[in-house]
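Visitor: I should like to understand how the parts of this chain are held together. Would you guide me through the structure, one step at a time?

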Amino acid sequence: MPAHYQFILSIPVADRPAHLRNCLESIHQQIIRYGYDGGITIVVAEDSREPQYIAAHQALVAEYGAKGLDVIHFDLPEQYQVLQSIPAAQRQSLGNLLTTQPAERFYRKGQAANRNLSYLKMLAVTQNKDRTLYYLVDSDQLFLPELDYFHHINQIFQTNDIAMLTGKLVGDPPVSPSVMAANFLDDVSAFLHEIADYDLNGACQFHRDTPVPHDAAYHDLAKLFGFEQQTSHFDYPCPLSGAHDHRACLETFAARLQAFFFGEHLTRKTVYQPGVDPMALAPARTIYPGNYIVNFDGLKYIIPFGHLRLRMSGPTAGRLIQAEIGERFAAANLPMLHKRTTDADDGFRPGVEQQHDAAIDISDEFERQFFGDLMLFSVVAWLKQHDLAQLADAAAVQQVMESMEVELLALYEAKHAAVNAQAQALEQWVQQPQHGWQGSPALAQVLQFLGNIRRNFSDQSLAWQQIQSAEHRAKRKQQMVAALMGYRAEREVWDQLF
């Protein structure tokens, strides 16, 4: 077998030192446990706004450099300098991919823009483009200790003609809470109704085997992705060890409810399934933005449309790339562990704002999820009948998008009604005096959670008003059609950089 590939990893990070520490530690443990002869370089691509977090990230780079990792901090001034080094005509054409933000506000550019800029840094430190693999990792993800990622991926690229490899995520779902609220409320209600029948001082009964959630079990609109509902609800697996009672279980559950708005799902986390050979490849249709690897040729297949700040960018890009390179875009059973929150803090999450009174606002993320879904499923519908070259037909693309808009609105409206009905019923039920929860911290936390559900899912919520606004939808559709029209031209300019 030829010499091992060198790996260059990019970890985009914005105001998340606790996440970055865990991510770097998981890489460090991979090297300790398995070693790797090809060489591994890590680029930490900075996108923080707050100086104290930039300093914390720099300190972590130094700390793990002292432990033996080859790790580089790609800071904001250097990123801006790299961007300005691109000839002006090309730079202007790539504004949607690489940001147009000025030097004094060159932070929180978005995961897509920051990731794409990091490609340029990875190229700068490449010694042999024919023997290098570029690995894109998110800061809130960890390498699983039971998988030898670097040796497996090296062998996959040695023995297969692929340009891009992706792997799924396990742990917390890779979607917004805006499309998980209905099924989460099913699970919350089931747990509270069951524990209400038990003696709070009795031994905890929530340590039992439960069904393993299937792919997209966390998603309220899973049928759009071709998945059927597996069960009406999933049990809460109590994480406490040692002897403890139901009161402790309830308090632990209630204390974690607010983390839902930061992307943690207490009852529908997915787990690594070791039965599938990591070397076995399957056709891919989704890029998992925090878990994909490309060779030099694959650097051209970027995740586009970053300027729109839409969610579902990975699935959307995946469909476009699949249509272009087919089997050279593959998936392997090499998932990353996705942890939205840490013991230290929940970190910055774009589109989620926590206010001083424990109110949480996900309206920005909610809006970006709906229109991200509209973009994705418009592309899916388009590719069923057209090829990439035909994306130049703006009128036809608009027609497909408007047809999908009607379908998606109906699905969102049905889930919106279900969430509000569930939340109202549960809010009334939990306050009934016979449950014995009056005055407890757990009841206060459950009501706080339901208040945040109401804040983000009621008819008065900003996100819902935007989704219901024909004027706002028209503006977003215009942006998305224009982005699709420009896709091929932007890609041609991007390809010239390499």
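**Salt bridges and strand 1**

Guide: Asp138 and Arg115 make a suitable start: in this predicted model, the two residues form a salt bridge, with their closest N and O atoms 2.7 Å apart.

Visitor: How many residues apart in sequence are the parts that this pair ties together?

Guide: Asp138 lies in the loop between strand 4 (132-137) and strand 5 (141-142), whereas Arg115 lies in helix 6. The pair therefore ties together parts whose separation in sequence is 23 residues.

Visitor: Is Arg115 buried or exposed?

Guide: A residue counts as buried when its relative accessible area is under 20%. Arg115 has a relative accessible area of 1%, so Arg115 is buried.

Visitor: Which residue meets Asp15 in a salt bridge?

Guide: The side chain of Asp15, in the loop between strand 1 (6-13) and helix 1 (17-34), has a partner in a distant part of the chain, 93 residues apart. That partner is in the loop between helix 5 (95-98) and helix 6 (111-124). The distance in this salt bridge is 2.8 Å, N to O, and the partner is Arg108.

Visitor: Arg454 and Glu427 also form a salt bridge. Which of the two is buried and which is partly exposed?

Guide: The closest N and O atoms of this pair are 2.3 Å apart. The cut-off for buried is under 20% relative accessible area, and partly exposed lies between that and 50%. With 18% relative accessibility, Glu427 counts as buried. With 40%, the residue that is partly exposed is Arg454.

Visitor: How many salt bridges does the structure hold?

Guide: Some salt bridges are linked in a network, which joins Arg21, Glu25, Glu63 and Lys67. For the structure, the number of salt bridges is 27.

Visitor: How many residues of strand 1 are buried?

Guide: On one side of strand 1, Gln6, Ile8, Ser10 and Pro12 are buried. On the other side, Phe7, Leu9, Ile11 and Val13 are buried as well, and both faces are thus covered. The number of buried residues in strand 1 is eight of eight.

Visitor: What is the handedness of the crossover from strand 1 to strand 2?

Guide: Seven bridges join strand 1 to strand 2 (residues 40-46), and the two run parallel. Phe7, for instance, stands opposite Ile40 in strand 2. The chain passes from strand 1 through helix 1 to strand 2, and this β-α-β crossover is right-handed.

How values were computed
Residues numbered from 1 in each chain as written. Predicted model: local features only at pLDDT ≥ 70, side-chain atom pairs only at ≥ 80, totals over all residues. Heavy atoms only, no water. Salt bridge = Lys/Arg side-chain N within 4 Å of Asp/Glu carboxyl O. Helix = DSSP H or I, 4+ residues; strand = E, 2+ residues; numbered from the N terminus. Buried < 20%, exposed > 50% of the residue type's maximum accessible area, 1.4 Å probe, protein only. Pairing = 2+ DSSP bridges. Right-handed = clockwise from strand over helix to strand, strands pointing away.
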